[in-house]
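Reader: I have a model open on my screen, and I would like to learn how to read its strands, sheets and helices. Could you walk me through it?

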Amino acid sequence: MEFEPRLTRNWDDPSVIGLEGYVAKGGYEGLTKALEQPAGDVIQIVKDSGLRGRGGAGFPTGMKWSFVPQDTGKPTYVTVNFDESEPGTCNNRQLIEAEPHRLIEGTAIAAYAIGCHLAFIYVRGEYLWQGMILQRALDEAYAAGYLGKGAKYDLDIVLHRGAGAYICGEETALLNSLEGLRGQPRLRPPFPAVEGLYASPTVINNVETLMNVPDILTRGADWFRSLGTEKSPGTKMFTVSGKVERPGNYEIPLGTPFRVLLEEYAGGVLGGRELKAFTPGGSSTPMLTAEHLDVGLDYESIAAAGSLLGTGAVMVMDDTDCLVEAAARMVRFYAHESCGKCTPCREGSWWTTRVLQRMQDGLGREGDVQLVKDMGTNILFRAFCALADGTASVINSSLKHFEDEFEAHVREGRCTAGLKSEALSSTGVGSDAER
Amino acid sequence: MELFTGDVLQDARTIIDRYPPGRERSAIMPLLYLAQSVEGQVSRTALREIGELLGITTAEVEAVASFYTMYRLRPTGRHLVNVCTNLSCMLLGAKDVFAAARDAAGVPPGGELSEDGLVTLHEEECLGVCEFAPAVQIDFCNHDKVTPERMRELIAALSSGDVPEPSRGRAMESFAHASRVLAGLER
């Protein structure tokens, strides 16, 4: 596909990991431009650009910033969500490995827009090296006078490491974690914009979201809208993994058909096999199938197809993969990561894991498929935060598209999908070979 | 205090100073990493003393420490080996990689610590390197596209006292060393 890359345009130049290289490519010009105008105008430009949050929910970024009240007498905070943990997602990681200063610049612009003088970057614990890269970049930015008390705009940025809890990617859980509490979600309202970190007005933005901001300031809202769709402007990073020829992180304009991402970018299904199922936006977004190859990858089109854009994490399964095994593994993830606050999530995910496990082990009972279905219904929208809905998405979407396969597991006591394939014995890939 | 004295106490003060006055409790996570970097795990003593440093109870500290998987409240090997078995890695053979790690390290069924006490092995959730599946971390340093054979080599290297070079970034000497970096005390 022909277009001018934005977030990834400097990826072939290793020097942009450092401040000097980044500045040579026009880095920090967006911040300079922002500081030349009133904060309200900065918010308006970001609003006009139509930039939407890239962390999953797709909320308009400029609007989020405009919700921050300026008259409370309390400090305001920007908190960057770099707790990238949605299974199948790793684009934030590579964005930081390549160009950490772009995030610092975006964060500084957001801070100026809402009048914040202390920002936090919450880094996923397992991203040890990426945190080191970011800390080095922060040190450089301080030394060069972009940050700190003597900077043109007084801003401190503190890096805070997580410690292995998926739920801390949920923004209110992240705030609790940052305050030194267990990372459990908070009841909303009050929303973080009004009462967030330390009960003060807070903006929480995803890494990719903020990395879009510097260019919006230098090139303008109309430029930003020149790619993507009317309601989903700009480009988005997609992580493609699983059974594809060229797994990786790819930047494409929003609205690009899934077929283009799969075939042109990721090189198609591994070994030229048939596409069976894929998650369009991470394991918590409902799975789609080969009939959705031409769905546009933007918020609206994916919603119309019955799923969500999520974090843009595409995990691909081919016709030799067992959907019961895949669903069981994904639900087990949610069981492990449930914070334990809400019963439908805590108990539902564990119970479903057990039932799916016995199906997989050939010990499925009559009525198990219906039981799992009921679990999906009873988990969806019945918990505090969206983690539970992720569990339900796996259950509901796998049954919607592959109920026969679940029934066959119970009836035959084994997987029929995997065994149909002659490829298994030759590659020995995955656990299908053990079955 | 037993643990937070001398240099360790000094490090603790550096960590606490990162957060606004009156918000010292935010330092609890890096302080737990600091304790872990000294002791190789988080002991009861550490939980109590972090509480004393921050003016909160031991129970409040333990509530936080037990919530997160990267704090080890049990005896832990010199090295922590994490094998991702989530979907993308599973589809490309991660279960075999995990089995190879378990056998090579000599971790008993259902256990997590190798019999020689060198390696703690974890079946891990998505490590965020899905394009390099199957993914493994040794002391939070990444090893990409690990086959069962490669897994056995990595464990053998650890057993002979070496630290294998990660696919990207630099190697950590041990789980304790990684914890010190995670506390933000090493650039």
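Reader: Let's start with β1(A) and β4(A). In which sense do they pair, and over how many bridges?

Author: This is a predicted model, so read each feature as part of a prediction. To read a pair of strands, look at their direction and at the bridges that join them. Here β1(A) and β4(A) pair in the parallel sense, over 5 bridges. For a landmark, find Tyr77(A), which stands opposite Thr202(A) in β4(A).

Reader: And what does β1(A) do with β2(A)?

Author: Those two strands also run parallel, joined over 6 bridges. Val80(A) of β1(A) faces Ile121(A) in β2(A).

Reader: Which way do the side chains of β1(A) point, and are they buried or exposed?

Author: Follow the strand and sort its residues by side. Tyr77(A), Thr79(A) and Asn81(A) point one way, while Val78(A), Val80(A) and Phe82(A) point the other way, and all are buried. That fits the overall count for β1(A): 6 of its 6 residues are buried.

Reader: How many strands form this sheet, and in what order?

Author: Read a sheet from one side to the other, not along the sequence. In chain A, 4 strands form an open sheet in the order β3-β2-β1-β4, with parallel pairing. At its edges stand β3 (156-161) and β4 (202-206) of chain A; each has a single partner strand, so one side of each is left without a neighbour in the sheet. From one strand to the next, the twist averages 20°.

Reader: What holds the β3(A) side?

Author: β3(A) pairs with strand β2 (residues 118-123) of chain A in the parallel sense, over 6 bridges. One bridge to look for links Ala119(A) with Ile157(A) in β3(A). Helix α7 (residues 128-143) of chain A packs on this sheet and touches β1, β2 and β3 of chain A. The direction of α7 makes about 165° with that of β3(A).

Reader: Now the other sheet in chain A. What is its strand order, and what is the pairing?

Author: Use the same approach. This open sheet has 5 strands, ordered β6-β5-β9-β7-β8 (chain A), and its pairing is mixed. Its edges are β6 (248-253) and β8 (288-289) of chain A, each with a single partner strand, so one side of each lacks a neighbour in the sheet. Inspect β7 (residues 275-279) and β9 (residues 313-318) of chain A: they run antiparallel, joined by 4 bridges. There, Ala277(A) stands opposite Met317(A) in β9(A). Helix α11 (residues 258-265) of chain A packs on the sheet, touching β5, β6, β7 and β9 of chain A, and its direction makes about 135° with that of β6(A).

Reader: How do I check a helix, say α13(A), against its expected span?

Author: Compare the expected span with the distance between the end C-alpha atoms. At 1.5 Å a residue, the 15 residues of α13 (residues 323-337) of chain A should span 21 Å, and its end C-alpha atoms are 21 Å apart, which agrees. As for cover, 13 of the 15 residues of α13(A) are buried.

Reader: Finally, how many helices and strands does chain B have?

Author: Chain B has 8 helices and 4 strands, and along the sequence they follow the pattern α-α-α-α-β-α-α-β-β-β-α-α. To judge the overall form, compare radii: for 187 residues, a compact globule would have a radius of gyration near 16 Å, and chain B has 17 Å, which agrees. Of the 187 residues of chain B, 60% count as buried.

Terms used
Residues numbered from 1 in each chain as written. Chains lettered and ligands numbered in written order. Predicted model: local features only at pLDDT ≥ 70, side-chain atom pairs only at ≥ 80, totals over all residues. Heavy atoms only, no water. Pairing = 2+ DSSP bridges. Axes fitted to C-alpha atoms, helices over the stretch in contact; angles between N-to-C directions. Contact = heavy atoms within 4.5 Å. Expected span 1.5 Å × (residues − 1). Buried < 20%, exposed > 50% of the residue type's maximum accessible area, 1.4 Å probe, protein only. Rg over C-alpha atoms; globule rule 2.2 N^0.38 Å.
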